[in-house]
Amino acid sequence: MTKNNVTHNYVPSNSRVLMLLGQLERMNGEAMLKDVETARQVTAKILHLIQTQGKRKHAHTHTHIKTNMQSTLIKLKRKQRQLCCMCLRQNSRDVQTTLNILCIVSELLTVGRGRRVGVFVSKGGTGVLFQLLINASKEFPPSEELMLQLHSLLAKVGPKDRKFGVKARLTGALNVTINLMKQNLLNNKLLLPCLQVLRVYSSNLVNAVSLGKNGVVELMFKIVAPYTVDFVNEQHECETNARRAVDGGFVTVLLALYLDWHRNDTRHRHMLIRKGLLVSLRNITNIKLGRKAFIEADGMRILYNTSTECLPVRTLDLLINTSSLIMRKCFPKNRLPVPTIKSAFHFQLPNVPAAGPVAQLYNQPPGVDDVVDESDDNEEADADTENDTENDDDDKDLLNDDIETDLNKLHPKRNPGRPLEELRVYERFFLELSEDFQVAKMSILTNRNSSCIGIVILCESPVRKARPRTELSEGLQLDQRKTHPAVSVCTHSYSSCSSDSSRTGHHPPHQGPRQKREVPHSFPRHRYKIVSFSGADDTTGASECSNFGSDCGSEGTEDEGGEGAVLEVPDTALLLPLHDPDLYVEMVKGTRSVPEYAEVAYPDYFGHVAPTFKEPLLERVYGVQRSKIYQDIERLIHPNDILDKAVYDLDIPSCPVIEDNGESLKFNSQFESGNLRKAVQVRKYEYDLVLNSDVNSNHYHQWFYFEVSGMRVGTVYRFNIINCEKSNSQFNYGMQVLMYSVQEAISGRPRWVRTGADICYYKNHFARSSIAAGGQKGKSYYSMTFSTTFSHKDDVCYFAYHYPYTYSTLKMHLAKLEALRTPQIYLRQDNLCETLGGNGCPLLTITAMPESNSNDHICQFRNRPLIFLSARVHPGETNASWVMKGTLEFLMGTSPLAVSLREGFIFKIVPMLNPDGVINGNHRCSLSGEDLNRQWLNPNPELHPTIYHTKSLLQYLVHMQRTPLVFCDYHGHSRKKNVFMYGCSVKETVWQSNITASSSDLQEDLGYRTLPKILSQIAPAFSMGSCSFVVERSKESTARVVVWREIGVQRSYTMESTLCGCDQGKYKGLQIGTRELEEMGAQFCVSLLRLKRLTGLRNHQHLLDLENDIMTHTKVVRLVKWRILQSHLHTQLMHEGTHML
Ligand SMILES: [Zn+2]
């Protein structure tokens, strides 16, 4: 009933509209001109009908009504342009009729929303409107109502018309609008739609410039109204207009306006205006001139003060964040407070390739580091990472440009490299492949010394029952190393190696029995809680060390007179079976560092016992970054509060520690792997720290390891590492720094603990020049800031980026591994070569002794598949060493799995590919100033000896037709969580790229996925989802790609362990510790056993597992490509099936 009624009412009105429209059409032309009155009436009626229909439409939602009405509107809509043309023809005659028609169009467009506007535009409606506008402007005075209506329509249509800006300029409508505005500055009703239209105009860059020329920027400052602001912003995004705004002194105006709104908008109702003004300032300060004007107009102080007042109101965050962005951008760029950003240490290379990085570095002109506020760059100071969610797509974006698309390069082409004659010298590293156990077995079993002279002697040194009583100070003093020539770890193979590598003889080899040096058993008793470790025969007289004795003497006695306790070195032998402080000190003596370090850091001396408590990822407190940034800005606002006092400075070689009256902390990092260059006390409890660049380079710092003493208990200290380089860091996503307290160690808790509050990582106001940055435009540095309190008086604490693992620690562990040897274990330690810095590069061989010396058993022994492992090519990735430690200990273990592993494989392991980098506190490079993991394509025997000889070992194996089953290089990853692998697959590379490949190109065994798949099942920290098997161009000279492509190892991987923690699996939400890392190393071994079983059996289930695996990784494999894979799998299955039959 209702339905019928309603419908009944509607039909006539609809048909009436159409009827009237018909009438109007018939009136077209002459008739309309003659009968102005009728035209007015007809149009008015149509308008009325439409408007009432519109209202009813809102009142009734019945579908039938809707449909009915819509059909009418559709018919009308088709006539929209026609209607406009009608206006055009008669508009000069009758404004009222035109207005009516425009209103009708407007109604129709409103009802139709976006799509109808689109149709209107496509039919040329915009052009007609502009023409109407031009015509109307010729009347004097132009009809305000008409102008209003036209601009409203244009504002509606403009954003849908891509050529709107061009049309406006060509028809002259641009100027019509501007003139209209200039003449109606106080007419808000009219200004509003004009501003809206203007905003659309100026989205076209040419228009923006032209509007600027016409004085629109000035005009805008006269009409600061809500709508202006957005418009102004778009105007200022254009550089010339920003310049014009600066020239016109508008920075001051904008700041004054902002301050005004800030003061008067007490109820925060006009956030948009305030935000808009700030965005304007932000755009203007994209240019250098704008930043200068901002500083001159006291912008820093104004924004700092206003923001500080906004801080308590959460809803004003937007304003604070934008203000902070502007202030950070305008903060004058400083150079780092060091004489040069080149490393404080230089190492003279045997030869310096003219085109190499070192030659380039040292050919830079003086003063190169000076930072100038460079260009008018639009580079925003990093968006606030406050609420940023972790984004690990960074890598994937890069990946797309970086995928290898050259099919030739994608197909592994085994390249044996050097001729066999040359490679024969490597035979001595593979004695297990040739050794005749009839004799050799006996010699190995009875005389271990033959397999590892250096190590065994160390192990045989008398075990001291009484642990040395030591005194603590800032670092242990070793006796002067110069009087104790370094001893190479393994003399066994040294001589042989030196004959084939073209050593220059910078470091004469130290052969023969090593000098035994007893660490004295008894120490003079001191009454200090913390005193210096010094040997009885210590002849320390070097000037650089003389500070310590006196220092310590004066420090303890008075303050701590009461206690007088002598503290013992914690006996960690039970907790740390592979750690021995005395042995460590012995090892340090044989370690050669560029700065010739004479101290041992306590953590390396005492060792580290992983804590049993959980260390969850740090939850970020809201607003931390902001408050840190504001404290930084305060340095500029209140310069008098800043101490700016250097308290440690490596660039003052004789005396890096600067004496003071006890008001400052003491810093030190002159020990193995240490790399603090300078510490500046900026406020009473705040320090800026500068890290040293890798030796022979001027950047690559990220790793840190330093010592702090002289602290007050309970005081919150803030530390800022001010020359970080990466644009983001896991320190923003839950990672904490590591701290080691000597007092805790002495109390029986020798351990690194995750620590630090208010941690964040952000772009700061320090930068380097473009020349120093290697031709890229000057780069900003980043700050990593953390706060901490100390709980012990007179403590010596250490801070590190990750759990330190020095070269001397490795040597100590390797020596201790010997002790785990049983008659069933074949363990050989060789020295692969000597590094540039004169340190040995250990090479380990681990397998099981042959069951007997029968031919069969010897044959089985020799034919075991080889597994080749390496680690720590990047010195800053200490986690890789902890994983390696886990691997080695597992392999030397007594578990049945370990026995099976040894019986099944021969392990060749280079546990530290970059000893020099590790020793000298580098983050990335070796002493050649280069990333060694980018040298595998063509390693230089002099500059990259460890890589050259490791690659040669593999090339030798190719010649011997003993290509390893698995190659894996252990790394650490600073931007991702979990542990994962990178491998190489032609198929997956092709799929990720857009290259077309024939199906024969895609013939590939899926074996490369097996090992990571197994690991994801057994190792809790391992995440299959983070693995990638794509071959990248930028990685073509890495171990993984070269070993895959040239050596022909299908299962060639890098295994990346997080420096931070896990976001999946058993350890989800926890930071990673050494226990988890070592476990990972052990699990890697276990996975090899499973791999052996699977590759041995080759059953269906194995392949089906793989299939499941791949299906769950749609992230990597796109669906379409999955189908190809499926068919391949199918074929493979069929193939396997027939074999089984
Ligand atoms: Zn790495």
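**Reasons behind the labels**

Biologist: What makes Tyr700 count as partly exposed?

Modeller: This is a predicted model, and in it Tyr700 has a relative accessible area of 25%. Buried would require a value under 20% and exposed a value over 50%, with partly exposed in between, so 25% puts Tyr700 in the partly exposed class.

Biologist: Where does Tyr700 lie, and what is its phi?

Modeller: Tyr700 belongs to the loop between β6 (686-691) and β7 (705-709), and its phi is near 70°, a positive value in a residue other than glycine. Most residues other than glycine have a negative phi. Glu596 also has a positive phi, of about 55°, although it is not a glycine, and Glu596 is placed in the loop between α30 (581-589) and β2 (599-600). With 37% relative accessibility, Glu596 falls between 20% and 50% and therefore counts as partly exposed.

Biologist: How do you know that His874 and His971 are buried?

Modeller: The relative accessible area is 3% for His874 and 3% for His971. Buried means under 20%, so His874 is called buried, and the value for His971 leads to the label buried as well.

Biologist: Which atoms coordinate the zinc ion?

Modeller: The zinc ion is coordinated by His874 through ND1, by Glu877 through OE, listed twice, and by His971 through ND1, at 2.1 to 2.3 Å. A donor must lie within 2.8 Å of a metal such as this one, and the range of 2.1 to 2.3 Å satisfies that limit, so these atoms count as donors. Along the sequence, the donor residues of the zinc ion follow the spacing H-x2-E-x93-H. His874 sits in the loop between β16 (866-871) and α36 (878-891), while His971 sits in strand β18 (residues 966-973), so the pair ties together parts that are 97 residues apart in sequence.

Biologist: Why is the arrangement around the zinc ion called irregular?

Modeller: The 4 donor atoms subtend angles of 59 to 151°. Four donors count as tetrahedral if all angles lie between 85 and 135 degrees, and as square planar if opposite donors are over 155 degrees apart and all others between 65 and 115. Because 59° is below 85 and 151° is not over 155, neither label applies, and the arrangement is therefore irregular.

Biologist: What does UniProt place at Glu1056, and is Glu1056 buried or exposed?

Modeller: UniProt, in an unreviewed entry, places the feature "active site" at Glu1056. Glu1056 is found in strand β20 (residues 1051-1058), and its relative accessible area of 9% is under 20%, so Glu1056 is buried. Beyond residues up to four places away in sequence, Glu1056 touches His971, among others, and also Tyr982.

Biologist: How do you know that Ser1052 is buried?

Modeller: Ser1052, which is also placed in strand β20, has a relative accessible area of 0%, and this is under 20%, so Ser1052 is buried. Leaving aside residues up to four places away in sequence, the residues that Ser1052 touches include Phe967, Tyr982 and Trp1044.

Biologist: What does the side chain of Ser1052 reach?

Modeller: The side chain of Ser1052 reaches the backbone oxygen of Arg1040 at 2.7 Å. A polar contact needs a pair of N or O atoms within 3.5 Å, and 2.7 Å lies inside that limit, so the distance condition is met.

Biologist: Why are β8 and β12 said to pair?

Modeller: Two strands pair if at least two bridges are found between them; 6 bridges join β8 to β12, so they pair, and they run antiparallel. In β12, the bridge partner of Asn720 is Thr785. β8 also pairs with β6, in the parallel sense over 4 bridges, with Tyr687 standing opposite Phe719 in β8. Strand β8 (residues 717-724) is mostly covered, with 8 of its 8 residues buried.

Biologist: Which strand pairs with β11?

Modeller: β11 pairs with strand β12 (residues 780-788) in the antiparallel sense over 6 bridges, and Tyr762 stands opposite Ser783 in β12. Of the 11 residues in strand β11 (residues 757-767), 9 are buried.

Biologist: What share of the protein do buried residues make up?

Modeller: Buried residues make up 58% of the 1141 residues in the protein, which has 45 helices and 20 strands.

Key: Residues are numbered from 1 along each chain as its sequence is written. This is a predicted model: local features need pLDDT of at least 70, side-chain atom pairs count only at pLDDT 80 or more; totals for chains, interfaces and linings use all residues. Side-chain values use heavy atoms; hydrogens and water are left out. UniProt positions are given in the numbering used here, feature names are shortened, and annotations may be inferred rather than shown by experiment. Helices (H or I, at least four residues) and strands (E, at least two) are DSSP runs, numbered from the N terminus. Buried means under 20% relative accessible area, exposed over 50%, partly exposed in between (1.4 Å probe, protein chains only). Contact means heavy atoms within 4.5 Å. Donors are N, O and S atoms within 2.8 Å of the metal (3.2 Å for Na, K and Ca); water is not among the atoms, so sites may look incomplete. Four donors count as tetrahedral if all angles lie between 85 and 135 degrees; four count as square planar and six as octahedral if opposite donors are over 155 degrees apart and all others between 65 and 115; anything else is irregular. A polar contact is a pair of N or O atoms within 3.5 Å; within protein, one must be able to donate a hydrogen and the other to accept it, and residues adjacent in sequence count only if both atoms are side-chain atoms.
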